[in-house]
Amino acid sequence: VEVKIEVVIPEKERSKEEMSPNGKASPLIYKVNGTARHYHLEEHPIASNPYHNPKDVVEASVCHVKDLENGQMREVDLGCGKALLIKESGEFHAVGHKCPHYGAPLVKGVLSKGRVRCPWHGACFNISTGDIEDFPGLDSLPRFQVKIEKEKVYIRASKQALQTQRRTKMMAKCISLSNYNLSSTNVLIIGAGAAGLVCAETLRQEGFSDRIVMCTMDRHLPYDRPKLSKSMDSHPEQIALRPKEFFCTYDIEVLTEMQVAAVDIKNKIAVFKDGFKMEYNKLLIATGNTPKALSCKGKEVENVFNIRTPEDANRVVKLATSKNVVIVGASFLGMEVAAYLTERAHSVSVVELEEVPFKKFFGERVGRAVMKMFEGNRVKFYMQTEVSELREQEGKLKEVVLKSGKVLRADVCVVGVGKGP
Ligand SMILES: Cc1cc2nc3c(=O)[nH]c(=O)nc-3n(C[C@H](O)[C@H](O)[C@H](O)COP(=O)(O)OP(=O)(O)OC[C@H]3O[C@@H](n4cnc5c(N)ncnc54)[C@H](O)[C@@H]3O)c2cc1C
Ligand code: FES
């Protein structure tokens with residue numbers, strides 16, 4: 001029998017709930033360089049205090065204590081959304097049931113030593129707090145209260161949290177912008193990929209309330225780069241790691257299309273390509289890596305791409321539609337691009353040094369099976385060979401010549417042969 005109860009939290013209890021996680025009421029005192037400063041921890045609207053509005057709370061009996069063995073997880077329905085109920089070492093925990101990264105069902109993940117690992121890309125969450133402890137993904141899981149009464153397990157949850165299935169950790173804001181001119185900052189992060197963004201967010205989560213500036217060569221705010229080879233026609237906003245308002249809310253400044261050309265470590269100054277200089281107190285270099293280019297004859301012809309930005313991916317889709325594509329490299333990037341383009345392009349050819357795709361990662365048998373599957377989808381493989389020349393017509397790619405002597409017609413070529421520093 002499932003009992004659903006709407007709960008009204010008494011005034012006294014509510015004020016307890018409104019306190020910060022460490023039990024102190026906001027604002028807190030935080031010390032930067034030994035100086036006591038006041039700061040406010042802010043929560044993003046999607047993660048507002050779960051019990052702030054009593055009408056937002058639902059409580060339900062979800063099972064009998066004996067229904068779950070230790071080490072088991074179960075999705076339970078509270079009427080207005082589901083939770084993941086977990087039993088470990090005799091204790092029950094309840095958190096969001098969907099991974100905040102791309103929504104995988106966590107019940108299919110792995111539970112071990114107080115953590116649940118997502119079955120899709122491996123994000124890891126603490127089952128007691130719901131906090132994310134390993135990436136990918138930025139947000140944590142909402143945590144719900146569990147109580148046992150008369151052998152029954154009850155969960156009390158915010159309806160809003162049941163709907164959103166995610167929680168953005170509490171973060172500080174900058175309180176000292178007026179101490180800085182445009183060309184100085186406390187923290188400078190070179191690189192606005194996932195690593196740079198996580199660093200900025202972690203600083204704010206830890207209560208850092210001074211200026212943070214990130215800079216990127218990209219035209220866009222941080223986005224999910226791995227999506228570029230899986231969903232190649234995505235717009236940058238569709239794959240943004242955080243919406244624009246997030247950066248305003250938490251005072252994380254992002255300078256786009258700004259390449260750092262040199263860093264004067266002694267004087268703590270970053271020099272940008274356009275001559276602009278920025279002084280910093282702390283510097284993080286999170287510049288990722290650089291894709292390897294081909295070194296063969298004709299490597300500079302037009303329409304040969306390493307996929308690095310949304311512009312690259314979008315352009316490849318446009319050029320490949322109903323045309324001939326040659327992909328160099330049969331590892332993750334190459335095979336993902338082949339999978340994406342196979343229904344759009346007139347022909348897709350893959351050139352690879354090894355005998356089968358993914359050989360280094362999964363071995364010969366798996367590689368052979370994957371190859372067969374792709375061949376069934378019109379992808380042609382040219383294995384144990386490499387590109388010797390890219391031929392052009394009026395500056396644009398026309399043919400890809402292989403060391404084996406084979407000449408492939410090509411309107412666009414995607415290179416996925418690894419990366420360097
Ligand atoms: C198409 C594609 C698909 C991928 N798929 C997957 C996948 O499925 N799974 C997976 O785990 N990984 C995947 N990866 C790898 C993954 O994207 C990287 O591991 C990840 O992006 C690294 O994050 P990062 O923040 O360290 O660096 P990056 O995301 O590379 O970001 C580097 C940042 O530094 C900036 N930068 C560099 N030099 C300068 C400079 N001099 N001045 C200013 N800014 C600078 C860049 O503009 C950028 O903002 C993929 C990569 C690509 C390109
Ligand atoms: S969906 Fe969970 S890590 Fe990606």
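**Exercise 1. Place Phe362 and describe the patch it belongs to.**

Step 1. Phe362 sits in helix 7; helices (H or I, at least four residues) and strands (E, at least two) are DSSP runs, numbered from the N terminus. The model is predicted, so local features need pLDDT of at least 70 and side-chain atom pairs count only at pLDDT 80 or more, while totals for chains, interfaces and linings use all residues. Residues are numbered from 1 along each chain as its sequence is written, chains are lettered from A and ligands numbered from 1 in the order in which they are written, and side-chain values use heavy atoms, with hydrogens and water left out.

Step 2. With a relative accessible area of 43%, Phe362 is partly exposed. Buried means under 20% relative accessible area, exposed over 50%, and partly exposed in between (1.4 Å probe, protein chains only).

Step 3. Phe362 forms a nonpolar surface patch together with Phe332, Phe361 and Val366, and the accessible area of the four is about 370 Å² together. Patches are made of residues with over 30% relative accessible area and no salt bridge; like charges are joined within 9 Å, nonpolar side chains (Val, Leu, Ile, Met, Phe, Trp, Tyr) within 5 Å.

Step 4. Three residues of the patch come from helix 7 (residues 359-375), which gives the most to it.

**Exercise 2. Describe the surroundings of ligand 1.**

Step 1. Ligand 1 is surrounded by 23 residues, each with a heavy atom within 4 Å. The closest are Thr216, Arg225, Lys230, Val260 and Arg308.

Step 2. By class, this shell holds twelve nonpolar, seven polar and four charged residues. Here Ala, Val, Leu, Ile, Met, Phe, Trp, Tyr, Cys and Pro count as nonpolar, Asp, Glu, Lys and Arg as charged, and the others, Gly among them, as polar.

Step 3. An N or O atom in the side chain of Lys230 is 2.7 Å from an oxygen atom of ligand 1. Ala192 has a backbone N or O atom 3.1 Å from an oxygen atom of the ligand, and a backbone N or O atom of Ala194 also lies 3.1 Å from a ligand oxygen.

Step 4. On its own, ligand 1 has 990 Å² of accessible area, and the protein covers 72% of this. Accessible areas come from the Shrake-Rupley method with a 1.4 Å probe; for residues, only the protein chains shown count as cover.

**Exercise 3. Work through three salt bridges and say what each pair connects.**

Step 1. The whole structure contains 20 salt bridges, each a side-chain nitrogen of Lys or Arg within 4 Å of a carboxyl oxygen of Asp or Glu.

Step 2. In the salt bridge of Lys147 with Glu59, the closest N and O atoms are 2.9 Å apart. Lys147 is in strand 13 (residues 143-149) and Glu59 in strand 5 (residues 57-64), so the pair ties together parts 88 residues apart in sequence. Lys147 is partly exposed at 33%, whereas Glu59 is buried at 8%.

Step 3. Glu133 and Arg115 form a salt bridge with closest N and O atoms 2.4 Å apart. Glu133 lies in strand 12 (residues 132-134) and Arg115 in strand 10 (residues 115-117), so parts 18 residues apart in sequence are tied together. Glu133, at 37% relative accessibility, is partly exposed, and Arg115 is partly exposed at 34%.

Step 4. Glu253 and Arg211 meet in a salt bridge of 2.6 Å, N to O. Glu253 is partly exposed at 24%, while Arg211 is buried at 5%.

How values were computed:
Polar contact = N/O pair within 3.5 Å; in protein donor to acceptor, adjacent residues only side chain to side chain.
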